[in-house]
Amino acid sequence: LYYVASYASIGVFLPFISPWLVAQGISGIRLSAVSCTRPVAGIVAPLFFGWLADRFRLRGSLLRFACVTSLIPFSLLTILYFLGIDVGFAGAFFAVAAFSFFRVPMMTIADVTAMERPQNFGGLRLWGSLGFLFAALPVGLLISDWRSVAFPLTISLAILAALFVSWRMPTKAAPVSTKTSGTFRELLARRDFMLMFGIWILWAASHVAYDLCFSLHLRDLGAKPFDVSVAWSMGTLAEVALM
């Protein structure tokens with residue numbers, strides 16, 4: 001249930017964030033600047049929240065904190081929309097930056113919690129991909145134009161659902177009997193680690209243009225919001241099968 005709810009928010013965010021930003025008048029270098037907050041958050045947030053989770057063995061409590069702090073930005077965007085207030089570039093920049101930063105532990109800590117238990121991780125994680133599907137398809141029908149309030153509203157509702165489910169997650173991890181040895185410098189000297197590191201960089205670089213421009217490209221070809229959601233869902237179906 002947690003994977004379904006948390007990935008449902010991503011099922012709305014990824015397909016529609018770029019067209020939504022362009023509809024707000026944010027394009028070109030400003031669109032790239034807003035999008036850059038996501039990889040920057042992906043560098044900083046895992047280090048901080050990973051250390052916090054390991055140092056104090058935090059699990060459910062950290063998930064709840066992440067859900068609350070991720071909920072605030074898009075809830076504010078929804079309220080401002082109903083008030084008729086244009087958020088502009090600065091508002092969109094800080095909203096996406098805050099969401100991206102606090103969304104990281106929503107995913108990583110959930111994965112760690114899942115893998116600490118004897119179960120099929122792939123079989124469990126596929127529910128996240130199903131959550132993506134369950135959100136992307138109906139929201140594509142709800143969005144009548146690219147500025148639709150359905151975008152920030154459904155993201156907020158999905159995170160709120162994840163928050164409720166997170167109260168059933170274990171607050172802390174069980175104590176570990178062994179500690180990881182070696183320093184960070186020794187880790188960088190390992191060939192297998194550096195190979196994995198390089199593969200990860202190439203994978204992330206290959207997805208930049210896709211995540212940023214794919215929905216815009218489909219829109220320019222004449223695709224409606226529902227068409228975009230169907231296209232993203234087709235890719236997610238492949239992910240479900242793989243999991």
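**Exercise 1. Find out which residues Ser70 touches, leaving out residues up to four places away in sequence, and whether Ser70 is buried or exposed.**

Step 1. Start with the contacts in this predicted model. Setting aside residues up to four places away in sequence, Ser70 touches Phe99, Phe102, Arg103, Met106 and Ile159.

Step 2. Now place the residue: Ser70 belongs to helix α3.

Step 3. Look at its accessibility. Ser70 has a relative accessible area of 0%, and buried means under 20%, so Ser70 counts as buried.

Step 4. Try a backbone distance too. Val96 is 26 residues away from Ser70 along the chain, and their C-alpha atoms are 9.6 Å apart.

**Exercise 2. Work out where Ser166 sits and what the helix around it packs against.**

Step 1. Ser166 is in helix α6, which covers residues 150-166.

Step 2. Check the helix itself. With 17 residues, α6 reaches 24 Å from its first C-alpha to its last, close to the 24 Å expected at 1.5 Å a residue.

Step 3. Ser166 is buried, at a relative accessible area of 0%. Other buried residues of α6 include Phe151, Ile155, Ile159 and Leu163.

Step 4. What do these buried residues pack against? For α6, the partners are α1 (2-23), α3 (60-82), α4 (88-115) and α5 (121-142).

Step 5. Zoom back in on Ser166: not counting residues up to four places away in sequence, it touches Tyr2, Leu63 and Arg64.

**Exercise 3. Take two arginines, Arg57 and Arg59, and decide for each whether it is buried or partly exposed.**

Step 1. Arg57 lies in the loop between α2 (28-56) and α3, and Arg59 is in the loop between α2 and α3 as well.

Step 2. Compare the accessibilities with the cut-off, where buried means under 20%. Arg57 is at 33%, so it counts as partly exposed. Arg59 is at 5%, so it counts as buried.

Step 3. See what surrounds Arg59. Leaving out residues up to four places away in sequence, its contacts include Ala53, Ile109, Val112, Glu116 and Pro170. The C-alpha atoms of Arg59 and Val112 are 8.4 Å apart, with their positions 53 residues apart along the chain.

Step 4. Don't skip the backbone of Arg57: its phi is near 55°, a positive value in a residue other than glycine. For background, most residues other than glycine have a negative phi.

**Exercise 4. Explain why Cys36 and Cys213 do not form a disulfide.**

Step 1. Recall that a disulfide is a covalent bond between the sulfur atoms of two cysteines.

Step 2. Check the distance. The cysteine sulfur closest to that of Cys36 is in Cys213, 12 Å away, so the two are too far apart for a bond. The cut-off here is 2.5 Å.

Step 3. Turn it around: Cys213 is in no disulfide either, with the sulfur of Cys36 as its nearest cysteine sulfur. Searching the whole structure gives zero disulfides.

Step 4. For accessibility, Cys36 is partly exposed at 42%, and Cys213 is partly exposed at 36%.

**Exercise 5. Describe the second largest pocket: how much space lies in it, and which residues lie nearest its centre?**

Step 1. The second largest pocket holds about 240 Å³ of space.

Step 2. Its lining has 13 residues, and Leu1, Tyr2, Tyr3, Leu124 and Met169 lie nearest the centre.

Step 3. Two or more lining residues come from each of α1, α4 and α5, and α4 gives the most, with three.

Step 4. Sort the lining by class: nine residues are nonpolar, two are polar and two are charged.

Key: Residues numbered from 1 in each chain as written. Predicted model: local features only at pLDDT ≥ 70, side-chain atom pairs only at ≥ 80, totals over all residues. Heavy atoms only, no water. Helix = DSSP H or I, 4+ residues; strand = E, 2+ residues; numbered from the N terminus. Buried < 20%, exposed > 50% of the residue type's maximum accessible area, 1.4 Å probe, protein only. Contact = heavy atoms within 4.5 Å. Expected span 1.5 Å × (residues − 1). 1 Å grid on protein atoms, 1.4 Å probe; cavity = no way out; pocket = protein on both sides within 12 Å on 5 of 7 lines; lining within 4 Å. Points joined across faces, edges and corners; volume = space filled by probe spheres on them. Nonpolar A, V, L, I, M, F, W, Y, C, P; charged D, E, K, R; others polar.
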